[in-house]
Every structure is written in C-alpha cells, then in structure tokens.
Amino acid sequence: MTGTYLTDAVKERFPEDVLGTHAFRGDDTVVIRKEALPAVAAFLKDQLGFDMLMDLTAVDYLPREPRFELVCHLYSTGRNVRLRLKCPVPAGDASVASLTPLWPGAGWFEREAWDMFGLDFKGHPDLRRLLMYESFEGHPLRKDYPIDRHQPRRDDGAGRTDR
Amino acid sequence: MGLETAFGHSYLTTRLDEAVNWARKYSFFQYPFVTACCGMEFMSTFASTYDIARFGAEYPRFSPRQADVLFVVGTVNEKLAPVLRRVYDQMCEPKWVVAFGVCATSGGFYDNYAVVQGIDRIVPVDIYIPGCPPRPEAVLDALMELQRRVDRESVLDRRNK
Amino acid sequence: MNRAPAKNWDIEDLGEGRLALNMGPSHPAMHGIVRLLVTLEGERVVSADPEIGYLHRGFEKTCENVTWNQCIPYTDRLNYVSPFINNAGFALAVEKLLGVEPPARCQYIRVLMSEISRVTDHLTCIGASAMELGAFTVYFYLINAREAMYRLGDLACGARVTPAYARVGGLANDLPPGFAAEAAAAFKAVRENLADADRLLTRNRIFHDRLRGTGTLTKEDAVAMSVTGPALRAAGMPFDVRKASPYLVYDRFDFDVPVGSNGDNYDRYLVRMEEIRQSLRIAEQALAQLPGGPVNHPSYAVILPPKAETHGCIEALMAHFKLTVDGVKPPAGEVYQAVEGANGELGFYLVSDGTGRPWRVRVRPPSLPLTAALPAMVKGGYIADVVATFGQINMIGGELER
C-alpha cells in the first residue's frame with residue numbers, strides 16, 4: 001500500500017499518542033489523542049513538510065462516544081503527498097487546541113467548526129460564528145439539531161435589536 | 001402624485017394614468033438584490049443575447065432610493081432576511097417586488113434551518129418567476145407581466161401593501 | 001454554549017482620523033452577498049473584516065438527509081458558475097468510496113464538461129470584475145462567450161446553469177449527436193470574444209494600473225493561508241490538482257499550468273486568461289479522443305438500469321426500486337477526493353455509515369481561504385483596490401457558505 005510510510009513515521013515518533021492508522025481507499029489516516037494534537041501537528045509541519053492545511057472540519061458521531069471527531073487534511077506542496085489527521089473529541093469536553101498558530105489558514109475553518117459543531121478551539125485568536133448569526137442558538141450540523149428548526153433573526157442585520 | 005386630489009375619479013385621471021403608467025412601465029429602474037445562482041441567469045438576461053434593454057429595464061440602480069423594482073435574485077436565508085427588509089423599506093413608492101427563482105419564491109429545495117421559505121414572509125411580492133434558475137426567457141416574460149400589471153394601476157391607488 | 005463574543009459594531013475603538021466603512025451585504029461593487037467592515041485612514045485600508053454567511057443554505061445538513069445521488073443537484077449550486085466540476089467531483093468522491101470506476105467515455109465527458117465549466121467560471125470572473133472597474137463592454141463580450149458555453153451545457157443535459165449531469169457511476173445521459181460540431185463552433189466563438197477582451201483589457205492603461213501591484217499575496221503567505229487555485233498559481237506556486245494528483249483522465253491530455261510571479265491582481269487576471277485557453281485545449285483533446293461505449297457503470301448496484309429494461313426484466317426492476325428508494329450503498333468508511341475547481345482545490349470529504357444516506361458530506365470550499373485572506377490582501381492599499389481585489393478572488397457565495 002502506498003504511502004503508509006507516512007503513518008508509520010507518525011506512529012514511530014508518537015507511539016503513545018497514535019490511536020490508530022488506516023489507508024482506506026488510499027487516503028493515509030492517522031488518529032491521535034486530542035491532547036497530542038499540537039505536538040503531532042507541529043511535527044507534521046516542521047519535520048514532514050506538510051506546509052498546507054487543506055481542510056479542517058468535524059464530524060458528529062452521535063450516539064457514539066467520543067462523540068466528535070476533528071478531521072484535518074494536510075498537504076505537502078514540496079512532496080505532493082496528503083495525510084488525514086483525526087482526533088476524537090468527547091462531548092463532555094468539546095474543546096481542542098487551535099491549529100491557527102501553526103497554519104494561519106486554519107482560522108476560518110475553526111470558526112466554521114465552532115459555528116456548526118460547537119467545538120471550542122483553545123488559543124484561537126478570534127473564535128466567532130462564521131456562517132450563522134450571533135443570536136442563533138445551538139450548532140446546526142450537530143446530529144441532534146433538527147434540520148427544519150428555524151430561528152428567525154431578531155436584530156436588524158446591523159447587530160442592533162431595535163426592531 | 002398629488003394631482004389625484006385635484007382630479008378625483010374623472011376623465012382627466014384616467015388620461016393621467018395612461019401617461020404615468022406608460023412612463024413607468026418602460027423605464028423600470030431596478031435594484032438587483034443578487035444573492036445566488038439565479039444571478040448567473042440575471043447576468044445573461046442583461047447581456048446582449050437577451051437584451052433586457054428592449055424593455056427599458058436595463059438600468060440597475062444600486063441605491064434602493066432610486067429604484068422602482070426590487071429583483072430578489074436567489075436564496076434568502078435567515079441571516080439575510082433583515083437586510084432584504086431594510087432594502088425594501090428604503091425604496092420609494094411606487095415599488096414592485098419580483099421573486100426571481102424558486103428559492104426566493106418558496107425556499108426551493110432548501111427546506112432547512114437556514115433558508116427563509118419564500119421572501120413573501122419578509123416583503124410583499126408582485127411577480128414570482130419559477131425555475132431553478134429561471135431561463136432568461138422566463139425573466140423577460142415576468143417583466144412583460146409586470147408591465148401589464150403596472151398598466152392596470154391608477155394614480156388613485158394607494159399602494160399601501 | 002454560545003461562548004463567542006458578539007462583534008462590536010459600534011465605532012469606538014477608532015483612532016484619530018480613522019473611518020469605519022461598511023461595504024455590503026448588498027453592495028454594487030461586491031458580486032455576491034458579503035459584508036466587509038473596512039477601517040480607513042484617509043483612503044488607506046487599515047484593516048478589513050469580512051462577514052460571510054448570507055448565503056448559508058445548509059448544504060451539508062441537507063445532504064445528510066437525502067440519498068447519495070440526490071445530493072448531486074445540491075452540488076450544482078455550490079459553485080454555480082462552474083457546476084459540472086462540482087458534479088464530477090462529488091460523483092468521483094462517491095465512486096472512490098464505492099471502489100468503482102466509471103467507463104472511459106463517461107470520464108472523458110466529465111473532463112470535457114468540467115473544462116467547459118471552468119471556462120464559464122473564468123469568463124464570468126473576468127467579465128464581472130472588469131465591469132466593476134468600468135469596462136462594461138468587456139462584460140458583454142465575455143457574457144456572449146459564456147452564452148455559447150451555456151448552450152453546450154444546455155445541449156448535453158437540458159439545463160444552462162444547474163445541470164445535475166453526473167451520477168454516481170456514470171452520467172444522466174450521453175452527449176447528443178452533433179455535439180462535437182456545436183462545441184467546435186462554441187469554442188471558436190469563445191476564442192474570438194476572448195481575443196476582443198484581451199485587446200481591450202490586457203494592455204489597457206487604466207485596467208493595468210488598477211490591478212498591477214494591488215491585492216498582493218506572497219507565495220509563502222498564500223500557502224500558509226491554504227489558498228489554492230489561480231490565486232496561488234499567480235503567486236508562483238504551480239499547484240494544480242489536475243497535475244499534482246490527476247483524477248479522471250487528466251493525465252492523458254497535454255496542457256500547461258500558467259504561473260504568475262507577483263501574486264497580485266494582474267497576475268491573477270493573466271493566469272485566468274491563460275487557463276481559459278488551456279481549458280479549451282483540454283476540451284478539444286477530450287472531444288478528439290472521446291471513446292465510444294457506454295457512459296454508465298455496468299453494475300446495477302451502482303447506477304440505475306436503462307428505463308426500457310425495467311419494463312421487461314425483473315432484476316432491472318428490482319435494482320431500479322432499490323436504488324430509487326434506498327439509494328446506492330457504499331461501505332462504511334471515509335474518503336477525501338479533491339478536484340481542481342475554478343477557484344482552487346475543491347475537496348469532498350465523505351463519511352459513510354454503510355446506509356444509503358451520507359453520514360457526513362463536507363465540502364472543502366476553495367473560496368473560503370481566499371476570502372479569509374482578503375484582509376491580508378487589501379491591508380495598506382487604497383479603498384478602491386478592495387473592489388479590484390474582491391473581483392479577482394472571485395468569491396462564490398454558494399461554495400463559500402454552502
């Protein structure tokens with residue numbers, strides 16, 4: 001299987017923190033403990049040359065526990081390889097270290113993940129809602145948010161509630 | 001107009017109606033409230049192939065205060081709803097609203113938490129254009145329908161919708 | 001749970017002589033609905049804060065509630081300026097999840113339609129941004145060219161803007177007879193209109209001055225900000241998914257990836273202009289090499305059988321029923337499939353739990369990092385450059401906010 005040297009490299013460096021690896025359909029994937037996220041991410045960026053954070057998102061696996069999973073897709077422009085980095089996040093402590101200090105491009109992706117899933121990114125410089133409005137309650141992409149629950153906006157669009 | 005108080009229901013008023021409506025229907029100044037995919041067909045309708053200028057409606061005004069027709073082109077979601085209402089409120093009478101495409105008409109196939117299920121929940125609508133997105137021919141048809149509707153109005157009508 | 005602080009829109013933190021300017025959400029120089037709160041010092045931009053979400057339509061949530069194939073019409077409306085690319089990308093991702101490969105003819109047609117879409121996207125981007133800078137004639141020329149391309153899409157699938165042409169494992173239908181001749185005529189029209197636009201814009205002093213040196217993003221910053229597509233290539237990084245990890249049959253075509261050197265708006269414009277020509281090249285090669293044969297995968301576990309067969313064959317009827325009611329059922333797992341969208345890498349991250357409906361559909365929107373990088377691009381420039389920069393990043397609300 002191609003590319004498993006990548007997952008092996010991560011496993012070798014962080015034997016305690018890697019929860020599992022797979023390469024389903026050729027996508028190299030490393031699952032790590034969320035506490036190790038900053039260290040592993042820094043290793044991937046500085047040592048393995050993953051200089052681009054292609055995507056960062058989350059998945060809600062309700063009713064499984066740990067409920068959430070943070071999913072990052074990394075790309076190395078120098079070596080033209082990709083790696084998926086995942087870490088489970090329990091519902092009780094839905095927070096994870098921010099990757100924005102490493103990859104500035106993570107900023108908006110993390111804002112979106114906060115907005116849609118309610119994942120708290122510790123150390124994010126500006127964690128605001130990205131797509132929904134401030135008066136919106138809940139996080140729409142969570143599995144327990146009903147798809148048809150509307151929340152009409154009560155302010156005037158400029159942030160003032162004078163209507 | 002101010003003149004209706006002097007003329008009342010009379011021959012002069014109907015003559016005035018004709019003149020005023022003729023001017024209005026062939027010189028729509030429109031405000032394109034373009035949000036989404038329908039904007040692509042809106043652009044096509046504007047360009048030379050379909051040439052909306054034939055109907056005297058080619059002139060977009062990006063200030064709502066100078067516009068007669070509000071084209072709501074595309075999906076309006078809950079976040080945008082107050083903005084649309086504010087734009088509508090800023091337009092001077094007489095004013096007309098066209099819901100362009102199914103999203104503006106009814107929310108379309110976006111039946112979910114984010115999308116307003118039809119802009120008629122926010123502003124009164126005169127013409128609905130079906131299609132996802134409507135083809136330019138449908139847009140021109142709607143424009144002609146709007147012209148016919150304007151033609152039937154009287155300066156005595158209070159457009160207090 | 002709503003912990004994030006409300007944005008303070010009151011103007012109190014402004015320093016001496018500074019001005020806060022609110023552009024949008026409905027602004028003439030912003031195609032699409034976005035709000036940009038700009039802080040100015042004189043005419044210089046001190047900071048900019050884009051606020052998006054005005055076209056959030058719950059795409060990802062909706063996809064979790066429909067079958068895999070029913071997602072395809074929704075993908076049309078992600079980047080509605082180049083819908084075929086979204087179609088093809090999503091179908092490709094589901095096929096990767098299933099572990100199937102559609103027939104060669106289908107792959108060629110997908111490439112062909114993707115490139116047609118890329119042309120429409122770049123034409124619209126250049127036309128609209130030229131219009132915003134005052135070059136209205138160019139807009140008419142380029143929209144005329146786009147009409148020719150829309151006509152091709154209309155011929156292939158009956159829709160101009162939202163085709164829903166791809167299916168998991170194939171296409172909705174084969175190309176109509178005579179398509180190649182129509183396409184050749186359309187490509188000729190595009191080339192003519194493009195040459196006109198080129199003469200009007202590329203060496204135009206006003207246009208050049210507005211774009212050259214504005215909205216600059218260095219290669220390093222672009223990579224750090226996850227920017228892809230024409231904006232990254234304009235900064236000098238030759239990253240194109242079609243070359244880096246070829247999908248469909250892109251490895252069989254001869255085409256170049258234009259690369260800029262300054263990373264400013266003018267380079268972005270030049271990259272887009274050249275990409276239109278390269279896309280036409282690919283499309284012509286795809287048409288010339290187009291193999292015969294079926295367009296759909298042979299297995300009825302993947303794609304609907306021909307309608308006629310469902311009337312006479314019980315297996316086909318059952319397959320039709322199962323696929324319509326339950327949908328195609330990929331194995332449990334996750335895949336990420338990237339395609340080169342018109343604005344950059346368009347990625348689909350799919351999670352399946354083994355049922356006929358997706359557990360999670362995530363789109364990696366190329367517009368999002370671009371819009372996130374907008375403050376860095378306009379900072380220090382003039383307020384008028386915001387319009388030029390915004391035109392050249394080609395923000396598409398549908399994919400940005402989904």
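Which residue of β4(B) does Val72(B) stand opposite? The partner is Ala99(B). This is a predicted model, and that pair is a good place to enter it.

Start with the two strands around the pair. Strand β3 of chain B covers residues 69-73. Strand β4 of chain B covers residues 96-100. The two run in the parallel sense and pair over five bridges. Helix α6 of chain B, residues 136-151, packs on the sheet. There, helix α6 touches β4 and β5 of chain B. The direction of the helix makes about 170 degrees with that of β5(B).

Now widen the view to the whole sheet. Chain B has five strands in an open sheet, and their pairing is parallel. Read across, the order is β2-β1-β3-β4-β5. Why do β2 and β5 of chain B each have one side without a neighbour in the sheet? Both stand at the edges, each with a single partner strand, so one side of each is left free of a neighbour there. In sequence, β2 is 59-60 and β5 is 127-129.

Chain A comes next. It holds three helices and seven strands. Along the sequence they follow the pattern α-β-β-α-β-β-β-β-α-β. The pattern opens with a helix and ends with a strand. Along its principal axes, the C-alpha trace of chain A spans about 60 × 35 × 25 Å. Chain A has 163 residues, and 44% of them count as buried. Contacts also reach along the chain. Among those in chain A between residues at least 6 apart in sequence, 46% join residues at least 24 apart.

Where chain A meets chain B, the contact takes 13 residues from chain A and nine residues from chain B. What kinds of residue does chain A bring to the side that touches chain B? Five are nonpolar, three are polar and five are charged.

Finish with one residue of chain C. Ile383(C) lies in helix α16 of chain C, which covers residues 383-393. Is Ile383(C) buried or partly exposed? Within 10 Å there are 17 other C-beta atoms, so Ile383(C) counts as partly exposed. A residue needs 20 or more to be buried. Setting aside neighbours within four places in sequence, Ile383(C) is in contact with Val38(C), Leu40(C), Glu43(C) and Val45(C). One of these contacts, Val38(C), is 345 residues away along the chain. In space, the C-alpha atoms of Ile383(C) and Val38(C) are separated by 8.5 Å.

Terms used
Residues are numbered from 1 along each chain as its sequence is written. Chains are lettered from A and ligands numbered from 1 in the order in which they are written. This is a predicted model: local features need pLDDT of at least 70, side-chain atom pairs count only at pLDDT 80 or more; totals for chains, interfaces and linings use all residues. Two strands pair if DSSP finds at least two bridges between them. Helices (H or I, at least four residues) and strands (E, at least two) are DSSP runs, numbered from the N terminus. Two residues are in contact if their C-beta atoms, placed from the backbone, lie within 7 Å. Axes are lines fitted to C-alpha atoms, for helices over the stretch in contact, and angles run from 0 to 180 degrees between N-to-C directions. A residue is buried if 20 or more other C-beta atoms lie within 10 Å of its own, exposed if 12 or fewer, and partly exposed in between; C-beta atoms are placed from the backbone. Ala, Val, Leu, Ile, Met, Phe, Trp, Tyr, Cys and Pro count as nonpolar, Asp, Glu, Lys and Arg as charged, and the others, Gly among them, as polar.
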